[in-house]
Amino acid sequence: MYTRDETSRYTELMPDGKAREFMLQMEPKSVILKPSFGVNMQGSGYYEISGLAWSGLAACAASTFPPMAARAGRKRPSPVPCCPKRLTRFRLPWMWSGGPATLMSRTTDEKGVVQKTHADWVAQYAPRQNFHFSAIQAGRLPPTGKVSNIYV
């Protein structure tokens, strides 16, 4: 017999109602911490985008910043040394034009495993299965400057 924490925290519910037991490793994940949701940007200008990337499977190899404000995505290698299962900080200077933008990051680990989109995550797990949630979480930035949280 298992305790409540063993079944609720180390089990992943699948779409067919079955569960994978004792899921302990986290897939690649990255999050933008600055600017974060709820923040009011103070008009167009240069800003620093920063956040964290990690993987429970291997060291992070790179973080990709998909198109932001009609610019091509940029890829930044992780700082060296980058150890497995350790948080890696990333920073990126960004010029905001004042128009609508979507801010997001996506990490890839050294084994080639890429952070999933929200659609890929939902297809793999049951609805509201979020304990090991590792899909891309983005920030929507309207011209008003108030950052909100979205899934892509």
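# A guided tour of two sheets and two cores

Begin by selecting strand 10 (residues 137–141) and strand 11, which run antiparallel and are joined by four bridges. What you have open is a predicted model, and it is worth keeping that in mind at every stop. Within this pair, select alanine 138, and then look across to strand 11, where its bridge partner is isoleucine 150.

**The sheet around strand 10**

Now add strand 8 to the selection, and you will have an open sheet of three strands, in the order 8-10-11 and with antiparallel pairing. Strand 8 and strand 11 (148–151) stand at the edges of this sheet, and because each has a single partner strand, one side of each is left without a neighbour in the sheet. If you turn the view to follow the sheet from one strand to the next, the twist averages 40°. What holds such strands side by side? Strands of a sheet pair through backbone hydrogen bonds, and the pairing may be either parallel or antiparallel.

**Leucine 141**

Stay in strand 10 and select leucine 141, which has its place there. Is leucine 141 buried or exposed? Its relative accessible area is 0%, and since buried means under 20%, leucine 141 counts as buried. Next, select proline 100 as well: although leucine 141 and proline 100 are 41 residues apart along the chain, their C-alpha atoms are separated by 5.5 Å. Leaving aside neighbours within four places in sequence, the residues in contact with leucine 141 include Met41, Trp94, Trp96 and Pro100, and also Lys146 and Val147.

**The largest core**

Leucine 141 leads on to the largest nonpolar core, which has 14 residues, and in which Met41, Ile49, Trp94, Trp96 and Leu141 are those with the most contacts inside it. Select these five side chains together, and then colour the strands that contribute: strand 4, strand 5 (60–65), strand 7 and strand 8 (101–103) each supply at least two residues of this core. Which strand gives the most to this core? That is strand 7, with four residues. Apart from this core lies another one, of five residues, among them Met14, Tyr125, Phe133 and Ala135.

Before leaving the largest core, select tryptophan 96, and show the residues around it. Not counting neighbours within four places in sequence, tryptophan 96 is in contact with Met41, Gly43, Ser44, Gly45, Tyr47, Ala101, Leu141, Pro142, Pro143 and Gly145. One of these, glycine 45, stands opposite tryptophan 96 in strand 7, and this brings us to the next sheet.

**The sheet around strand 4**

Select strands 3, 4 and 7, which form an open sheet in the order 3-4-7, with antiparallel pairing. Strand 3 and strand 7 are the edge strands here, each of them pairing on one side only, and the twist averages 30° from one strand to the next. Strand 4 and strand 7 (residues 88–96) are paired over nine bridges, in the antiparallel sense, while five bridges join strand 3 (residues 29–34) to strand 4 (residues 45–54), again antiparallel. To follow the pairing of strand 3 with strand 4 residue by residue, select serine 30, whose bridge partner in strand 4 is alanine 53, and then lysine 34, which stands opposite serine 50 in strand 4.

**Glutamine 115**

For the next stop, select glutamine 115, which is found in the loop between strand 9 (106–109) and helix 2 (118–124). Although glutamine 115 lies in a loop, its relative accessible area is 1%, and so it is buried. Where does its side chain reach? It comes to the backbone oxygen of serine 134 at 3.4 Å, and a polar atom of the side chain also lies 3.4 Å from the backbone oxygen of alanine 135. Beyond residues up to four places away in sequence, glutamine 115 touches several others, including Pro28, Lys29, Ser30, Arg106 and Ile136.

**The whole chain**

Finally, clear the selection and look at the chain as a whole, whose secondary structure comes to two helices and 11 strands, following the pattern α-β-β-β-β-β-β-β-β-β-α-β-β when read along the sequence. Of the 152 residues of the chain, 39% count as buried, and the accessible surface comes to about 8,900 Å², of which 56% belongs to carbon and sulfur atoms. Among the contacts in the chain with a separation of 6 or more, 62% are accounted for by residues 24 or more positions apart.

Note on methods:
Residues are numbered from 1 along each chain as its sequence is written. This is a predicted model: local features need pLDDT of at least 70, side-chain atom pairs count only at pLDDT 80 or more; totals for chains, interfaces and linings use all residues. Side-chain values use heavy atoms; hydrogens and water are left out. Buried means under 20% relative accessible area, exposed over 50%, partly exposed in between (1.4 Å probe, protein chains only). A polar contact is a pair of N or O atoms within 3.5 Å; within protein, one must be able to donate a hydrogen and the other to accept it, and residues adjacent in sequence count only if both atoms are side-chain atoms. Contact means heavy atoms within 4.5 Å. Two strands pair if DSSP finds at least two bridges between them. A nonpolar core is a set of buried Ala, Val, Leu, Ile, Met, Phe, Trp, Tyr and Cys residues joined through side-chain atoms within 4.5 Å. Accessible areas come from the Shrake-Rupley method with a 1.4 Å probe; for residues, only the protein chains shown count as cover. Axes are lines fitted to C-alpha atoms, for helices over the stretch in contact, and angles run from 0 to 180 degrees between N-to-C directions.
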